[in-house]
Amino acid sequence: MEQNKKRLISGITSTGKLTLANYIGAIKNMVQLQDKYESYIFIADLHALTLPIEPKVLEENRKNIFALYLACGIDLNKTTLFFQSDVMAHGLMNWLVLTSTTIGELSRMTQFKDKSQKIKSPNGMDTIPSGLLMYPTLMVADILLYNADIIPVGIDQKQHVELTRNIAQRLNNKYKLDFKLPEPFIPKVGAKIMSLVDPTKKMSKSDQNEKASIYLLDDPEVAYKKILKAVTDSENKIYISEDKPGITNLLTIYSALKNISLEESEKLFNDKNYGELKIAVAEVVKEFLIDIQNKYKIYYDQVFKLKDKGAKKASEVANKQLTKLMKGMGLNNESKF
Ligand code: ATP
Ligand code: MG
């Protein structure tokens, strides 16, 4: 019975081409958890406006992320899949949340510090879009609108889920409400997949260097070669260690795609050399990409036919939570229209 199931929400920002890290860190768990939870999954296209983006690029990203979710195993009979911008409540909820936060707590977010540092110029604040600072409040809004219990994300988003818990608690205390305090669901293997060219940095779809990431829509042969060229160390001994981020990253990718533990992978490869490990990882990545890309082709042309059902259901759920908070805050608009 859906009513008795706990709720799950998660989204991916349509800022670029989805990476293998987005799959391993987030989508894989969304797929695994959709049987157990009442699931809401979205394409965070409002979040994609945080940094400048060309309209044509955004349009294409939105469409291919929707199709990729389906290709990776999101099942429309189990999951409510929608575009964030189709559900109007997100924008208004964001404002209600935003007015319940301080600039101090938002500017302490690690993601804001990292991303704003990269685009800071001698003019300082003038090059930092406000959306970068406000990004977490929209994410808090996304979660509270579905009164979710669990948020499958990579480790980089843990802090934003913690902020959501704090704000939910704050709203509950101030307005006598009952928002749930959500928990992040972070995978045991693959919570932080690293860049292939600098394994001390996380793999990100917004990384300018295309060699740093495996994109889910990469030509499988190109992806194969990227793995063979992945930066490692020169010891040529395979074991898991913080001092060996490149090798640990390859073992992690292998484990996640093979559904085995990191220790099992370590055992499999500990008498092998780096070349052998890279070929084995490149093979599983290539096979994985061929499989999802075949399914992707089928879904791509159906996106606009499939999207409204999820948006409608999501809007119903979201409007209920929004109304609850509005009433609590003294914005009771019932029967005014
Ligand atoms: P951007 O560079 O635009 O921030 P991103 O690759 O970080 O892109 P997001 O849309 O911010 O992608 O995040 C989507 C999901 O993928 C989130 O759950 C996030 O935690 C997860 N994720 C992102 N990068 C990694 C990574 N390197 N390893 C594991 N999970 C990741
Ligand atoms: Mg990110």
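Q: Which residues is T13 in contact with, leaving aside its neighbours within four places in sequence?
A: Contact here means heavy atoms within 4.5 Å. In this predicted model, T13 is in contact with A44, H47, A48, I65, Y135 and K205, once neighbours within four places in sequence are set aside. T13 itself sits in strand β1, which runs over residues 7-13.

Q: Is T13 buried or exposed?
A: A residue is called buried when its relative accessible area is under 20%. T13 has a relative accessibility of 11%, so it counts as buried.

Q: What does UniProt say about T13?
A: The UniProt record, an unreviewed entry, carries a "binding site" annotation that covers T13. The annotation also covers S14, T15, G154, I155, D156, I193, K202, M203, S204, K205 and S206. Such annotations may be inferred rather than shown by experiment.

Q: K205 is in that annotation too. Where is K205 found?
A: K205 is in the loop between β5 (183-185) and α8 (220-228). Its relative accessibility is 15%, so K205 is buried.

Q: What does the side chain of K205 reach at 2.8 Å?
A: The side chain of K205 reaches the backbone oxygen of T13 at that distance. The wider contacts of K205, again without neighbours within four places in sequence, are I12, T13, T15, G16, K17, L18, T19, N22 and Y215.

Q: T19 is among those contacts. How should its surroundings be read, and where is T19 found?
A: Start with the element, then the accessibility, then the partners. T19 is in the loop between β1 and α1 (20-33). With 0% relative accessibility, T19 counts as buried. Beyond residues up to four places away in sequence, T19 touches M203, S204, K205, S213, I214, Y215 and L216. The side chain of T19 also reaches the backbone nitrogen of A21 at 3.1 Å.

Q: UniProt places a "binding site" feature at D142 as well. Where does D142 lie?
A: That feature also comes from an unreviewed entry. D142 lies in helix α6, residues 130-144.

Q: Is D142 buried or exposed?
A: The relative accessible area of D142 is 3%, so D142 is buried.

Q: Which residue's side chain makes a polar contact with the side chain of D142?
A: A polar contact is a pair of N or O atoms within 3.5 Å. The side chain of D142 makes one with the side chain of H90, at 2.8 Å. H90 is also one of the residues that D142 touches, the others being I9, F42, H47 and Q84, not counting residues up to four places away in sequence.

Q: H47 appears there. Which side chain reaches the backbone oxygen of H47 at 2.5 Å?
A: The side chain of T50 does. T50 is in the loop between β2 and α2 (55-71). It is buried, with a relative accessible area of 11%. Leaving aside neighbours within four places in sequence, T50 is in contact with P129, G131, L132 and Y135. Y135 is also in contact with T13.

Q: How does one look for empty space in a model?
A: Rolling a probe the size of a water molecule over the atoms shows where empty space is left. Here, the second largest pocket has a volume of about 290 Å³. Of the 17 residues that line that pocket, the closest to its centre are L76, N77, T79, T80 and K309.

Q: Which elements give two or more residues to the lining of the second largest pocket?
A: They are β2 (38-44), β3 (79-83) and α12 (303-329). The most comes from α12, with four residues. By class, the lining has five nonpolar, six polar and six charged residues.

Q: Which backbone angle deserves a look at K176?
A: The angle is phi. K176 has a positive phi of about 55° although it is not a glycine. K176 is found in the loop between α7 (158-175) and β5. At 71% relative accessibility, K176 counts as exposed.

Q: What is the phi of N236?
A: N236 has a positive phi of about 60°, and it is not a glycine. N236 lies in the loop between α8 and α9 (245-258). Its relative accessibility is 39%, so N236 counts as partly exposed.

Technical notes: Residues numbered from 1 in each chain as written. Chains lettered and ligands numbered in written order. Predicted model: local features only at pLDDT ≥ 70, side-chain atom pairs only at ≥ 80, totals over all residues. Heavy atoms only, no water. Buried < 20%, exposed > 50% of the residue type's maximum accessible area, 1.4 Å probe, protein only. Polar contact = N/O pair within 3.5 Å; in protein donor to acceptor, adjacent residues only side chain to side chain. 1 Å grid on protein atoms, 1.4 Å probe; cavity = no way out; pocket = protein on both sides within 12 Å on 5 of 7 lines; lining within 4 Å. Points joined across faces, edges and corners; volume = space filled by probe spheres on them. Nonpolar A, V, L, I, M, F, W, Y, C, P; charged D, E, K, R; others polar.
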